[in-house]
Each structure stands twice: as structure tokens, then as C-alpha cells.
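Here are a few exercises to work through with the model open in your viewer. Try each one before you read the solution.

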Amino acid sequence: MASLIKLNKGLDINLAGDAEQKYVSTKAADKVTLVPDDFSGITPKIAVKAGEAVKAGDVIFTDKLHPEIKFVSPVSGTLEEVVRGERRKVLGIVIANDGKGTSVELPAVNPASAKADEIKSALLNAGVWPFIKQRPYCVVANPDCEPRDIFVTAMDTAPLAPDFSFVVKGQEEDLQRGISALAKLTAGKVYVGAKAGSGLQLKDAEVVEFAGPHPAGNVGVQINHIKPVNKGEVVWTVSAFDVIVIGRVLAGKADFTRTITVAGSEIVTPGYAKVLPGQSLESVLNGKVKQTEYEQRWIAGNVLTGQNAGKQGVVGFYDNTVTVIPDGGTTDELFGWITPGLNRYSVSHTGLSGLFGLFKSKKWTLDARLKGGPRALIVSGEWEKVFPMDIYPEHLYKAVLAYDIDKMEALGIYEVAPEDFALCEFVCTSKTPVQQVIADGLVKLRKEME
Amino acid sequence: MKLNDFIEEKIAPNFEKGGKYEKFWSIYDSFHTFLFVPRHTAGRKGVQVHDSVDSKRVIIMVILALVPALLFGCWNVGYQHDLALGINDGWFMQFLYGFGAFLPKVVVSYVVGLGIEMAVAACKREEVAEGFLATGLLIPMIVPVNTPLWMIAVATAFSVVFAKEIFGGTGMNIFNPALITRAFLFFAYPKAMSGDNVFVRTGNWWNNDPIEGTTVIDGFSGATPLAQVADGSFDAATYSTMDAFLGCIPGSIAETSTLAILLGAALLLITKVASWRIMLSVFAGGAVMSAIIGACSESAPTVAQQLCLGGFAFAAVFMATDPVTGCRTNTGKFIYGAFIGVMAIIIRMFNTGYPEGAMMAVLLGNAVAPLIDYYVVDANINKRAKRVKA
């Protein structure tokens with residue numbers, strides 16, 4: 001029987017356009033784009049030249065500092081273009097898909113008998129290593145170090161995110177293979193955070209169930225409640241959605257297909273879709289978006305941590321969701337400071353929707369407006385209500401702003417990732433870009449410390 | 001063409017960088033956002049949707065919460081005026097008289113304060129913060145009715161510049177700007193802030209010149225109950241606790257009616273704009289301290305009187321709960337509130353120089369709030385440090 005941890009703090013934003021539990025078809029990807037920026041802490045070194053033919057599983061680029069970390073093509077075809085920006089920074093690597101699906105031969109690894117080193121090199125060579133991230137810093141894990149424990153979250157509680165129990169159907173073996181492989185990589189334990197009542201059972205891992213609103217599914221929150229990260233310790237984190245891919249690849253198949261939800265108030269038929277990382281949003285959303293006169297916002301990822309990718313955007317390496325919402329850039333709202341607020345989403349009680357609890361019971365269509373101007377922090381206590389960790393989010397944020405390293409360490413910077421602050425940013429009266437500040441702080445801190 | 005499209009397309013470019021009036025962008029923006037919720041959308045990264053609450057909405061709740069005390073205060077100014085002259089104009093004329101005395105003060109406070117804030121915002125090319133909309137209304141509410149307008153102007157300017165803008169503006173200040181205004185007046189012009197002649201206006205409504213044909217009745221004293229406590233002439237028979245609760249007593253314009261203040265408190269608590277932790281603990285701290293003093297001295301006012309008299313309730317509800325200058329941790333809020341409650345009563349009872357202690361207590365609370373938070377956060381830090389050792 002898995003132990004259960006109940007969380008009270010947090011917020012489930014009840015958005016319209018929730019995915020039905022059925023698969024919707026997508027157009028085959030005629031090209032995929034790998035975006036090095038998806039991987040925090042990585043400097044890309046391109047391994048292939050434009051025009052070269054690649055197979056699925058061929059190395060496209062590696063990390064400069066750790067060349068053993070490889071990033072591979074999910075499709076077979078030709079490398080079309082390396083898109084560069086200012087100072088020749090690699091923005092994207094475009095691979096044209098020939099549709100043949102030829103792939104490199106990967107050795108099948110049996111986690112039960114394989115040694116840790118074999119598993120590690122299999123993961124690195126197959127290009128699935130980047131799924132493993134590390135705390136502190138929330139970057140792609142350093143393969144040279146030994147993690148204290150490995151934490152896997154088998155729940156995505158973000159708005160409109162997929163239900164893991166639906167996604168895993170038919171892929172249970174891959175999941176188990178992946179978990180067993182991870183268990184070999186640590187002297188500690190593999191903890192799997194699962195939704196309360198999901199009945200998830202796994203060998204070689206300790207399942208801990210979590211009940212409560214978002215961000216209960218964030219691995220950082222789960223670590224904080226299971227066994228917090230201390231200074232000097234390193235733990236690895238993986239999403240169970242990605243462990244499925246890891247397990248599949250270890251079976252010898254270079255198949256990087258992932259299951260995501262296609263959701264949001266602007267989608268006609270919200271549902272689940274099987275896509276490739278780097279596939280264009282246009283091919284995923286093909287024919288599923290409402291025809292409107294107003295502008296829409298195509299988001300790679302969920303509304304809290306995703307990016308406004310636009311019509312040219314692609315599915316990110318870690319994304320579980322593609323969301324389409326109204327942009328709202330031409331919406332007029334007269335006297336927003338005094339209207340009763342029945343139709344304005346707010347968890348604060350300054351409007352009737354918050355006062356009557358409508359934000360919980362109703363399905364909401366939210367657009368991308370900030371709905372206010374940026375200010376210094378004024379209201380106190382609102383971040384804490386959506387931050388279920390034993391950390392003072394506001395004080396940590398201020399320590400990061402001031403870049404006071406001692407304070408940041410003392411207040412728990414090693415335990416957090418930008419995504420843990422997403423709800424703080426959502427509810428903030430002063431419209432503070434909390435995630436960006438934390439992300440910048442982590443990058444700076446890592447440079448200083450490593 | 002819709003109005004907002006017109007503003008965005010025809011008017012806005014003049015104020016943007018490179019426009020004819022780019023220096024006045026902050027002022028244009030404050031009027032535009034007053035009319036319409038801004039159209040800015042989230043950037044490429046970061047949260048793509050936002051809660052619809054913003055600082056305008058929060059501040060407007062504070063202003064709405066002040067309305068009951070404000071309306072009552074205006075009436076009470078007229079009522080006290082009539083009492084002093086021994087006449088009765090009826091409640092409406094009394095309200096009009098008080099409103100007439102109040103209005104110029106609020107105009108002066110807003111013009112001076114908002115003028116400075118807008119000028120600073122325009123220099124920094126930032127949006128004008130809304131904080132002063134509450135402060136500017138609070139200032140005339142907590143001064144004696146006979147305070148000259150020029151004093152209010154000077155004190156407001158001092159407070160906005162030295163208590164707020166030099167720290168970085170709304171959200172950065174250490175002390176509550178409304179109370180700094182009050183404290184400035186109290187120390188710079190003590191004669192205009194205390195005594196028997198400042199809290200009741202006996203002359204005409206605009207400048208307190210004597211009204212021909214009227215005389216102040218014999219035996220009238222405009223001293224507030226707390227002034228009487230301070231000089232030993234307090235007699236529970238003059239003002240009953242009920243008078244103090246309802247507010248039909250002399251005092252600063254809007255601080256007298258505990259009932260009206262509690263109506264505002266209800267709005268602040270329902271909308272969760274003010275912290276119930278602070279409000280509750282100020283009253284609790286004040287009650288405990290009053291009970292202790294009451295047990296030691298027979299002539300001291302009762303607990304109920306202590307909480308209803310003077311500016312105690314007003315400070316507890318509207319001043320101590322300012323989130324910027326108060327404690328920001330939940331545990332800290334309890335300590336901070338109790339500290340203010342206790343100190344307000346101590347200063348009131350033991351320092352004969354100050355008949356009222358609420359103002360000083362809140363300012364003192366503002367000063368120690370970061371210290372309280374420091375220790376609360378330190379407990380969390382120590383817990384984390386111990387985990388490393390274990």
C-alpha cells in the first residue's frame with residue numbers, strides 16, 4: 001500500500017477545453033525542429049551538417065561540456081537547416097522527415113541483469129538521457145555524479161494536462177522497464193509520486209501517492225514532502241511520461257513518440273494525441289482549432305509553464321500539452337477595477353467570482369492578458385497559498401533578486417525549479433514575472449558554484 | 001471605431017517613446033488604465049494566463065471600506081458643531097457641514113500627494129502606483145477637523161517624499177505614509193493637533209471663522225475622552241461606552257465610530273484584502289493590555305472603552321493591516337498585531353505627553369515588522385540547516 005500525502009495549498013485552474021479520454025488524429029510531421037533551448041544547462045555542439053541524411057536515433061548535437069550527452073533525431077530524413085540567431089546561437093535544427101521511419105539499431109537492455117554503467121551509456125547513446133534532470137538547478141543531469149535518490153512524478157496536475165493512467169495504458173511494460181533501469185543508477189531509492197487512488201504499482205520503486213490541487217504533481221513539491229534536497233546533495237528527477245519513452249528505447253526501439261493532450265478553449269475536439277518532439281504545432285493542431293476573428297495563442301506546453309510558440313512553433317522535448325487559448329490582445333474591459341467581477345476569473349475575494357467560489361465550479365475561458373500593470377509586491381500571503389513547500393517563496397524570490405547567495409541557499413534555492421513558482425506568478429496581484437527571476441537566478445548560481 | 005481602439009491608435013502613440021508627449025506617458029497611462037484594463041498580454045515565456053486581480057482592484061476595496069467611517073465622520077463633525085453651539089440643524093445639514101469641512105482637506109491631500117507621485121512616476125517612466133489613492137483619503141480622515149489646509153499640504157508632501165518615494169515608492173516604504181503625515185503634523189504643529197479647540201469646529205465650515213449670532217455654550221469642552229483620561233478629568237458619565245462605540249464623540253474626523261469602522265473591517269475581511277491575523281491580534285493585544293491596566297487602576301477606562309475610544313479601532317483595521325509596512329509572514333502577523341495592540345494601550349495610559357497611542361504604536365510596529373519576519377524566516381532557515389547536519 002502506497003503512503004499518501006495530502007496537500008491543501010495550491011490551485012487547480014479550471015479551464016475550458018479539457019481533453020476527452022480519446023485519441024485524436026494528427027497530420028504526420030513533415031519536419032521536426034530540435035530546439036536546444038528546451039534543455040536547460042546545455043550548450044549545443046552540432047554533430048551533423050546541413051544536407052546530411054540522418055536516421056531516427058542519429059546524434060544531431062551534443063553538449064559542449066559533457067559530449068557524452070547526446071541529442072538525437074526522432075525521425076529519419078535529411079538535416080535541412082541549422083537556424084541561428086544573434087552571436088550564432090543555435091535556435092533550432094530542422095530535419096525533413098522522409099517518412100520511411102528507418103532508425104539506428106539500438107541494443108536491447110535488460111535492466112534486471114545490466115550493470116549501472118551499461119544502462120547509463122545505453123541511455124546516453126539513445127538520446128533519452130536529457131529526460132533526466134537534476135536538482136539543484138533543474139538542468140539536464142550530470143552523468144558523472146551519483147544521485148542520492150531519483151524522483152519520478154507520475155502525475156501532471158497542470159491545467160488541461162494529460163491523465164497519466166490513460167497515457168500509460170498499453171505501455172505499462174515500458175514504464176516498468178524504465179523505472180527498473182533508473183533504480184540501477186542510484187544507491188538510494190526511486191520514488192514515484194502518483195495521483196491518490198491511481199493504484200499504480202511498480203517494482204524497484206517506492207510509490208507515494210499525492211492528493212491535492214496543482215502543483216501536487218510537480219516533482220519539486222513531491223521531493224519537498226518525501227525527502228527534501230539539502231545543500232551538497234544531488235537528486236535526479238524524471239517525469240513518468242518520459243520514463244515510458246526511456247523504457248521503450250531500452251527495449252531496442254528508437255521510437256520517441258509521446259502522448260500529449262491537445263486542449264484549450266479554442267480547440268474544437270480536445271483530446272489526446274501521439275506526437276514527436278519537435279513536430280510543428282500546425283501539424284498537431286491541423287483542423288482542430290476554432291475559426292475565429294480574434295487572435296489565438298498557440299502554446300507549446302501548458303498555460304503555466306509553456307511558451308507562446310505561435311503558428312511556427314513546435315512541440316517541446318518535455319511538453320505534455322499543447323494549449324490554444326484566445327490571445328485577448330484586443331479585448332476591452334471598461335472599469336475593471338470596480339466591476340462586480342462575476343465573469344472575471346479571480347481567486348482573490350475582490351470580485352464575485354472569487355467570493356462565491358465560481359473559480360472552482362465553473363469552466364473558464366482565460367485569455368493571455370496580464371489584466372493589470374506590474375507593481376512592487378504589495379499584497380502579502382497570496383503566494384504562500386499556492387506554494388505547498390516548506391519554503392518562504394517571497395523571501396526566496398527577494399534573495400534571488402538581490403542575488404544574495406547565502407540567503408538563497410539558506411532559504412532553499414536548491415529545492416526549487418521555476419515551474420514551482422508558476423502559480424505564484426498566476427495569482428500575483430503585482431503581476432511579478434516570478435518564474436523568469438528564479439530561472440535567471442538558478443543559471444547565475446550554477447555558473448558561480450560549478 | 002470603439003473608444004479604446006481610438007485611444008490605442010490615435011492617442012497612445014503621442015505618449016510612447018518618440019512621441020510628442022513621451023514625458024507624460026505615466027500620466028496618460030494612469031488615465032487609460034483607469035478607463036480600460038490594459039491590453040498587454042503575457043510574453044513568450046512565463047505564465048500565459050493571469051488572475052484578474054490587480055493592485056487597482058485591491059486599493060479600491062480599501063477605499064470602499066473607508067466609506068462608512070467617512071460618511072459617519074462627516075455627520076459627526078456637524079453634530080459636534082451643533083452640540084457646541086447648542087443648536088440642532090437636523091442630520092442632513094450636520095452631514096453637509098461636516099462634508100464641507102472635509103472636502104477641501106481631501107482635495108488638498110490628493111492634489112499634493114498624487115501630484116508628487118505622478119511627477120516621480122513620469123521621471124522614472126513607470127506606471128503610477130495606486131497606493132496613494134488610499135493614503136490620500138486616509139490623511140484627512142485621521143486629522144482633527146480644524147487642521148489648516150496648508151499644514152495638510154506640507155505634511156502630505158513630506159510624507160510622500162520622505163516616507164515613500166525615497167524608498168522607491170509604493171510597495172517599498174517602511175512606514176505607513178498616512179501615519180507619517182499624522183506624526184509629522186503631531187510633532188511639527190503640536191498645538192494644532194491636540195487640546196480642546198482642534199477636534200470640534202465651532203465656526204463656519206470652510207475656515208472656522210466665528211459665525212455671527214452664535215456662541216459656544218457654557219461648559220462646553222471640545223476635549224476628546226482620551227485627553228480627559230490623560231489629564232485626569234475623565235468621567236465615564238460624560239461619554240458612555242455606547243457613545244464611543246457609535247462614535248458621537250469628539251475626535252479626528254473619521255476615527256470616532258467603532259461601528260462604522262467595523263463595517264469597513266467586514267468588507268476588508270470578506271474580500272481578504274486585509275489580514276484577519278493582524279486585525280484580530282491588534283484587538284486581542286489591546287484587550288489584554290487594557291485588562292491588565294484595569295486590574296491595577298480603578299480610574300482607568302474599561303476594556304471596551306479602551307478599544308472604542310480614540311484611534312485604536314481605526315488603526316487596527318486600516319493602519320496595522322497595510323501589507324507593505326506590516327509583517328509578511330503569517331506567524332509574524334500575529335506577533336506584529338499583538339505588539340501594536342499592547343503598545344497602543346501602554347503609550348496611551350503611561351505617556352501623558354501623548355493622549356493617543358495608536359499612531360505611535362503602529363509606526364513602532366512598522367519599524368519592528370522586518371525584525372519579526374526575520375526571526376520567523378530564521379526558524380525555517382534553521383530547520384533546513386539542521387536537516388543538513390542530521
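**Exercise 1.** Find which residue of β6(A) stands opposite A:T62, then work out how β5(A) sits among its neighbours.

*Solution.*
- Start at A:T62: the residue facing it is A:K70 in β6(A). Keep in mind that this is a predicted model.
- Zoom out to the strands. β5(A) and β6(A), the latter covering residues 70-72, pair in the antiparallel sense over three bridges.
- Trace the chain between them: a hairpin of six residues joins β5(A) to β6(A).
- Now look for another partner. Strand β3 of chain A (residues 44-46) pairs with β5(A), antiparallel and over three bridges. Here A:P44 stands opposite A:D63.
- Finally, check burial, where a residue needs 20 or more other C-beta atoms within 10 Å of its own to count as buried. Four of the five residues of β5(A), residues 59-63, are buried, so the rest of the structure largely encloses this strand.

**Exercise 2.** Put the strands of the open sheet containing β19 of chain A in order, and say which ones stand at the edges.

*Solution.*
- Reading across, the five strands go β16-β15-β19-β17-β18 in chain A, with mixed pairing.
- β16 (271-275) and β18 are at the edges, each with a single partner strand, so one side of each has no neighbour in the sheet.
- For a look inside the sheet, take β17(A) and β19(A) (residues 321-326): they run antiparallel and are joined by five bridges. A:I299 stands opposite A:T323 in β19(A).

**Exercise 3.** Are α15(B) and α16(B) roughly parallel or antiparallel to each other?

*Solution.*
- Get the geometry: the axes of α15(B) (residues 330-350) and α16(B) (residues 358-389) come within 8 Å and cross at roughly 150 degrees.
- Angles over 145 degrees count as roughly antiparallel, and therefore that's how these two helices, α15(B) and α16(B), are arranged.
- As for handedness, α15(B) passes α16(B) in a right-handed crossing.
- Then see who touches whom: the contact includes B:I335, B:F339 and B:M343 of α15(B), and B:L364, B:V368 and B:I372 of α16(B). Its residues split into 16 nonpolar, three polar and one charged.

**Exercise 4.** Which helix of chain A gives the most residues to the side that touches chain B?

*Solution.*
- Count the contact: 61 residues of chain A meet 51 of chain B.
- List the contributors: elements of chain A supplying at least two residues each include β17 (296-300), α9 (393-402) and α12 (434-449).
- The answer is α11(A), with four residues.
- Sort that side of chain A by type: 24 nonpolar, 24 polar and 13 charged.

How values were computed. Residues are numbered from 1 along each chain as its sequence is written. Chains are lettered from A and ligands numbered from 1 in the order in which they are written. This is a predicted model: local features need pLDDT of at least 70, side-chain atom pairs count only at pLDDT 80 or more; totals for chains, interfaces and linings use all residues. Two residues are in contact if their C-beta atoms, placed from the backbone, lie within 7 Å. Ala, Val, Leu, Ile, Met, Phe, Trp, Tyr, Cys and Pro count as nonpolar, Asp, Glu, Lys and Arg as charged, and the others, Gly among them, as polar. A residue is buried if 20 or more other C-beta atoms lie within 10 Å of its own, exposed if 12 or fewer, and partly exposed in between; C-beta atoms are placed from the backbone. Two strands pair if DSSP finds at least two bridges between them. Axes are lines fitted to C-alpha atoms, for helices over the stretch in contact, and angles run from 0 to 180 degrees between N-to-C directions. Angles under 35 degrees count as roughly parallel, over 145 as roughly antiparallel, 65 to 115 as roughly perpendicular and the rest as oblique. A crossing is left-handed if the near helix is turned anticlockwise from the far one by less than a right angle, and right-handed if clockwise.
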